[in-house]
Amino acid sequence: MSSGSKRWWALGLIALAQFMVIMDTSIIGVALPRIQADLGFSPESLSWVFNAYVVAFGGLLLLGGRLSDLFGAKRMFAAGWGVLLIGSAAAGLAGSVTVELAARAVQGAGAALIAPSALTLLMMLFGAEPRELTRALALYGAAAPAGGTAGVFLGGVITEYLSWPWVFYINIPIAALALLATPALMPAGGTRRGSLDVLGALTVTIGLGAAVYGIVRAPEVGWASGQTWLVLAGAVVALAAFVAIQAARREPLMRLSIFRAPNLAAANVAQLLLGAAWIPMWFFLNLYLQQVLGYSAFPSGAALLPMTILIMIGMIALAPRAIARFGPKPMVVTGLAVLAVGLGWLALVRPDGSFTVDVLPASLVAALGMSLAFIPSLGTAISSARPEEGGLASGIVNTGYQVGSALGLAAMTAVASAAGADRLGDLPALTDGYSAAFVGAGIIAAAGALTAGLTLRAAKRQPVNEAETVPAA
């Protein structure tokens, strides 16, 4: 295998990692009722089959990035797959609520090791060639919507024709394949001398975990409840302690001055707001299809295919050329603005609507916006950091997107419920609630476009031959 083809095979494994991390958030949806019946989950606790993964993933990403920098991205990439394999086996074999939730948290911890090390490896393989880097980031980014849609499909098929434990067991052969391929495909990279900031890791993990916990729990217990504010106050205290520890230590977990790097903070804010707008759209569009239009889970997943295909085409074929021609900043601003337009269009959904009129055109506009904004904001955030801090930068940008997704979904859930989405069976009220969520998400996307326009610095571009912007793999 030539070195050139080996790099693209390695990219395939990195994209597979992104695919799996996202698929594990969506594949359990259809299986939840059967998990509830078999393991005895209460209606209130069932959502934690999803949330346990998200809390562990979001809370441990910064630690995963730091471990990648200290001990090597290749080593942490393999370790993450190992942890994911163990967590998946335990989740499938679980015989109680406690074991199931603990296993899902282990899966999230594995994902928190995989995600930042995967981006670091991508930068090591393609960072020296800007055009190839854009192409590689496009393929990596396209794996996310593919994983989300595949999860809906596979979850339905597996639950229908096998049994719910297989939504977890499916990870085992894929993780084993990744562990076998990693030594041959991934660059060795290097390790760094330095100590692990255990106290910093503990406080940031508690702080981020508590923040995500409080956010995803708030729609269930109420935003005004004492429990919500106590958890969020604890998150603020822990994160403030983390900042103080980082400022005082010689070898911190996260060098605070990293945010002085041009565009790093601005690009991370763009990623956070992109997640806060996109994930609620995907969530409530699913609910509109199923609870208002009457689609079952499998046809609902099929209805999202046009949007997913456009995102993949946009990220792989359109975004690299547009970035080469116009630069990353205009594409981030344009993408977020187009996403806002698509969300505004979706807000016009009707109780007696149809897929072809109410969903398809607006969802395609939103998908186009996502495909234009994601790659340049992600690439700008990662490339702004020093090479030896690639893992940390990857952890930061992944954390931003995940926390933004959780915050946006929780906030839009509250908006939708206040507007009528909690009245199951009342189609006009449900539609009003989902429409309000689309409006709120559109406002977030528009705020992201405005913020990116004001804070991102325009990159210097060199003239390029457009035919060379997408090299052959």
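**A tour starting from helix H14**

Select helix H14 together with its neighbours: the buried residues of H14 pack against helix H11 (264-292), helix H13 (305-326), helix H15 (355-383) and helix H17 (427-455). This is a predicted model, and H14 has the highest mean pLDDT among the elements of the chain, at 95.

Now show H14 alone, residues 328-346. Its 19 residues reach 27 Å from the first C-alpha to the last, close to the 27 Å expected at 1.5 Å a residue. Turn on side chains for its buried residues, including Met 331, Val 332, Leu 336, Leu 339, Leu 343 and Leu 346. Two glycines, Gly 335 and Gly 342, are also on the list of buried residues, as is Pro 328.

Next, the largest nonpolar core. Of its 141 residues, pick Phe 77, Trp 81, Leu 122, Trp 278 and Phe 438, which touch the most other members. Helix H11 gives the most to this core, with 15 residues.

Centre on Trp 81. Leaving aside residues up to four places away in sequence, Trp 81 touches Leu 16, Ala 17, Met 20, Ile 114, Ile 174, Ala 175, Ala 178 and Leu 179.

Move to Val 54 in helix H3 (residues 48-71). Is Val 54 buried or exposed? Val 54 counts as buried because its relative accessible area is 10%, under the 20% cut-off. Add Ala 105: the two are 51 residues apart in sequence but 8.0 Å apart in space, C-alpha to C-alpha.

Finally, colour by pLDDT. The chain mean is 83, and 92% of residues reach 70 or more. Helix H12 (residues 297-303) has the lowest mean among the elements, 74. Over residues 461-473 pLDDT stays under 50, and the model has 25 contacts beyond four places in sequence for them.

Conventions: Residues numbered from 1 in each chain as written. Predicted model: local features only at pLDDT ≥ 70, side-chain atom pairs only at ≥ 80, totals over all residues. Heavy atoms only, no water. Helix = DSSP H or I, 4+ residues; strand = E, 2+ residues; numbered from the N terminus. Expected span 1.5 Å × (residues − 1). Buried < 20%, exposed > 50% of the residue type's maximum accessible area, 1.4 Å probe, protein only. Contact = heavy atoms within 4.5 Å. Core = buried A, V, L, I, M, F, W, Y, C linked by side-chain atoms within 4.5 Å. pLDDT = per-residue confidence, 0-100.
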